[in-house]
Amino acid sequence: MNLADVKRVGVVGAGTMGHGIAINFALAGYPVLISDVTEAVLKGSTARIRSALDLFVEEGLISMRRADDAFSLITGTTLEVLAPQCDFITEAIVDRSSDKRALFNQLDALCSPQTILASNTSSLVLSDFGSDVKRQDKIVLTHYFAPPHIVPGVEVAKGPGTSDETYDLTCDLMTAARKVPIRLKMERPGYLLNTVQRALGQAATDLWAEGMASAEDIELGIISTFGFRMPHEGPMKHYDLAGLWRWPEDVRGSWASANEQMKQRLANGKPWFIDPDRFDEALEARDREYARRLKALYWPETLD
């Protein structure tokens, strides 16, 4: 199975995440079937989908024609109708292992053999709730971030039996839907980005509880400092641009204490993303991007 074989997409769970996931695929031109436990939930989902598409039009992201086309591609239905007709199905139900296990087993029985089953779980692992599924080579994680029709990144991870074909096709499908696939090499509760985000949240709330700063100033500090930088760089590229890889060992101190792999990398003077011989060029490119963001967010008028 390859990307061209994906003709129709299914989304099970039409709530906060499901309706946004459906929008992504519809905007990419895929007919989408979406189901939930009650007709009332589906009706509410339809209204949210229309509202989200209208917002995209108002913000100049898509034309009204594109919004109408996408809306027409999304159809609410039952699980029994959805399952046999879809080539790729994403579940976005409550993050409860027993519920996901029951759904995956039901989809396994109802779907055609080539259908790929994806989970949007943010904390559970496929090797748990997907362990009874017969098509082990065709189950995969696609973890979206709220709101899923706006946030570009999607974590993609294998279960123990997921085939390379399924994994690569899923990443290609994310790209086709104008998402950014983040390829994970293993499964673990919380996966990559929720683990990082949780560490940040824990540190922030601990410091707030200690009286370091008010909640307002903690938020302001994050947004106006490393939050300001992060559209351009994550922590590893930031270390590159800070020149950590060329600091003297005694100055690096605690920066290098996290693990032996990082200590060794820094000892060898190896940045992750930049050419050491073009360090100044990398800094200038960063500063130009920062300056544009500064103007857009904080300095709307040119200073005389």
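These exercises, each with a worked solution, walk through one predicted model.

Residues are numbered from 1 along each chain as its sequence is written. Because the model is predicted, local features need pLDDT of at least 70 and side-chain atom pairs count only at pLDDT 80 or more, while totals for chains, interfaces and linings use all residues; side-chain values use heavy atoms, with hydrogens and water left out.

**Exercise 1. The whole chain**

Task: Describe the chain by its elements, extent, burial, contacts and charges.

Solution:
- Start with the elements. The chain has 14 helices and eight strands. Helices (H or I, at least four residues) and strands (E, at least two) are DSSP runs, numbered from the N terminus.
- Take the extent. Along the principal axes, the C-alpha atoms fill a box of roughly 65 × 50 × 45 Å.
- Turn to burial. Of the 304 residues, 39% are buried. Buried means under 20% relative accessible area, exposed over 50%, and partly exposed in between (1.4 Å probe, protein chains only).
- Look at the surface. About 16800 Å² is exposed, and carbon and sulfur atoms supply 56% of it. The areas come from the Shrake-Rupley method with a 1.4 Å probe; for residues, only the protein chains shown count as cover.
- Check the contacts (heavy atoms within 4.5 Å). Among those with a separation of 6 or more, 65% link residues 24 or more positions apart.
- Finish with charge. There are 33 positive and 42 negative charges, and their mean positions are 3 Å apart. Lys and Arg count as positive and Asp and Glu as negative; His and the chain ends are not counted. Each charge is placed at NZ of Lys, CZ of Arg, CG of Asp or CD of Glu.

**Exercise 2. Cysteines**

Task: How many disulfides does the chain hold, and where does Cys86 stand?

Solution:
- Apply the rule: a disulfide is a pair of cysteine sulfur atoms within 2.5 Å.
- The count is zero disulfides.
- Cys86 is in no disulfide; its nearest cysteine sulfur belongs to Cys111, 7.6 Å away.
- Now check burial. Cys86 is buried because its relative accessibility is 0%. Cys171 is buried too, because its value is 3%.

**Exercise 3. Strands β4 and β5**

Task: Which residues cover the faces of β5, and how does β4 pair with it?

Solution:
- Recall the pattern. In a regular strand the side chains alternate between the two faces of the sheet.
- Strand β5 spans residues 116–119. Ile116 and Ala118 are on one side, Leu117 and Ser119 on the other, and all are buried.
- Strand β4 (residues 88–91) runs parallel to β5, joined by four bridges. Two strands pair if DSSP finds at least two bridges between them.
- Find the partner of Ile89. Leu117 in β5 stands opposite Ile89.

**Exercise 4. From β6 to β8**

Task: Follow the pairing from β6 through β7 to β8, then place Thr142.

Solution:
- β6 and β7 pair antiparallel over five bridges. Val140 is opposite Lys158 in β7.
- β7 and β8 pair parallel over four bridges. Val156 is opposite Arg183 in β8.
- β7 is mostly covered, with five of its six residues buried.
- Thr142 sits in β6. Thr142 is buried because its relative accessibility is 0%.
- Beyond residues up to four places away in sequence, Thr142 touches several residues, including Phe88, Thr90, Ala118, Val154 and Met174.

**Exercise 5. Backbone in the loops**

Task: Which peptide bond is cis at Pro147, and are Arg178 and Tyr191 buried or exposed?

Solution:
- The bond from Ala146 to Pro147 is cis, with omega near -10°. Pro147 is in the loop between β6 (139–144) and β7 (153–158).
- Arg178 has a positive phi, near 60°, and is not a glycine. Arg178 is in the loop between α7 (164–176) and β8 (180–183). Arg178 is exposed because its relative accessibility is 75%.
- Tyr191, also not a glycine, has a positive phi of about 50°. Tyr191 is in the loop between β8 and α8 (193–210). Tyr191 is buried because its relative accessibility is 2%.

**Exercise 6. Leu294**

Task: Where does Leu294 lie, and which residues does Leu294 contact?

Solution:
- Leu294 lies in helix α14 (residues 279–297).
- Leu294 is partly exposed because its relative accessibility is 26%.
- Neighbours within four places in sequence aside, Leu294 contacts Phe228 and Trp299.
- Leu294 and Asp5 are 289 residues apart along the chain, and their C-alpha atoms are separated by 45 Å.
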